[in-house]
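User: I am new to this structure and would like a close look at a single part of it, namely the charged side chains that pair with one another. Please explain where they sit and how they are connected.

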Amino acid sequence: MSASAAFFDAVEARRTSYALTNKSTLSDSELQALVERAVKHAPSSFNSQSARVVIITGQKHRELWDTVFAGLKNTLGGNEQQENYYKEKFENSYKTGYGTILFYEDQAVVNTFITKFPTLAQAFPVFSQNSAGMLQYIVWTALAKEGLGASLQHYGAITPEIETAVTAGLGVPTTWKSTAMMPFGVPSAGPGEKTFQPLEERVKTIFSA
Ligand SMILES: Cc1cc2nc3c(=O)[nH]c(=O)nc-3n(C[C@H](O)[C@H](O)[C@H](O)COP(=O)(O)O)c2cc1C
C-alpha cells in the first residue's frame, strides 16, 4: 500500500468546504496550470476530450453568483424563507471565495461520437458525465493539496434559464453543457463532520486463484 499512500493522503484531504475567503494560495497562472494539467490528463471515453473549463476570479466570480442567485430566485415562487436560505448560502459560502471553476462537456464532441458509434448512442451522455466527474475530482483534490477549499455546485443544471444566463455572461459556446461549478478559496473554517457507512455493506470481494 505504501506506493499509493501519498495519493490516498490527497484523497482523504479533499473535503467539501463552504466557508471560503477571497484569497488563494496559488497565483492565477499557477491556478491555470493546475486546471490545465487536470484537463489534459483526466480520462474520457474514446479519448474524446469533451471536457471544457472556465476559470473566473474576483469581481466576475462574484457577479456569477449574483446571476445564479437571480435565476434561482425566479424558481422559488416568491417564497421568502427559501430566498433567505439561499441568499445566506450564496453570500456566505460561494461568493466569498476567490473564484469559481466552471465545468462543461462539449455536446458537439459528444454528438460526434454518437453519430460515429450509433450502437453506443445511449452510453455516450453517461460516459460524458462520468468523465466530467473524474475531472472535477482531480481539480478538487489538487486544490485541496494546495490548501484551497472548494465545493461542487449544480445550480447551472436547475433551469435552462440559469445555464443560459451564466453561459451568456461568459461568452462560451452554446454547445458547452454545464456539469458543475466549483467555488474555491482559502478556507476560513474546517470542513463539517463526515460519517461513513460500514464498508462490509459496500464492498464485496471474490478473491480467486
Ligand atoms: C456528484 C456530486 C454532486 C454533488 N452536488 C453537490 C451540490 O450540488 N451542492 C453541494 O453543496 N454539495 C454537493 N456535493 C458534495 C457532497 O455533498 C459531498 O461531497 C459529500 O457530502 C461528502 O462530503 P465531502 O465532500 O466533504 O467528502 C456533491 C458531490 C458529488 C460527488
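Analyst: The following account describes the salt bridges and then turns to one aromatic residue.

The model is predicted, so local features need pLDDT of at least 70 and side-chain atom pairs count only at pLDDT 80 or more, while totals for chains, interfaces and linings use all residues. Residues are numbered from 1 along each chain as its sequence is written, and side-chain values use heavy atoms, with hydrogens and water left out.

A search of the whole structure finds 5 salt bridges, a salt bridge being a side-chain nitrogen of Lys or Arg within 4 Å of a carboxyl oxygen of Asp or Glu. One of them joins Lys 95 to Asp 66, with the closest N and O atoms 2.8 Å apart. Lys 95 lies in the loop between helix H4 (80-94) and strand S2 (99-106), whereas Asp 66 belongs to helix H3, so the pair ties together parts that are 29 residues apart in sequence. Helices (H or I, at least four residues) and strands (E, at least two) are DSSP runs, numbered from the N terminus. Lys 95 is buried at a relative accessible area of 17%, and Asp 66 is partly exposed at 37%. Here buried means under 20% relative accessible area, exposed means over 50%, and partly exposed lies in between (1.4 Å probe, protein chains only).

Within helix H4, Lys 87 and Glu 91 are 4 residues apart, which means that about one helical turn separates them. Their side chains form a salt bridge with an N to O distance of 3.7 Å. Lys 87 is partly exposed, with a relative accessible area of 38%, and Glu 91 is also partly exposed, at 29%. Salt bridges that share partners join Asp 66, Lys 87, Glu 91 and Lys 95 into one network.

Another salt bridge links Glu 63 and Lys 60, at 3.9 Å from N to O. These two residues are 3 apart in helix H3 (residues 58-73), so they are separated by about one helical turn. Glu 63 is partly exposed at 35% relative accessibility, while Lys 60 is exposed at 51%.

The aromatic residue is Phe 124, which is placed in helix H6 (residues 123-145). Phe 124 is buried, with a relative accessible area of 2%. Leaving aside residues up to four places away in sequence, Phe 124 touches Ser 45, Phe 46, Val 110, Phe 113, Ile 114 and Phe 117, where contact means heavy atoms within 4.5 Å. Phe 46 is 78 residues from Phe 124 along the chain, and their C-alpha atoms are separated by 9.8 Å.
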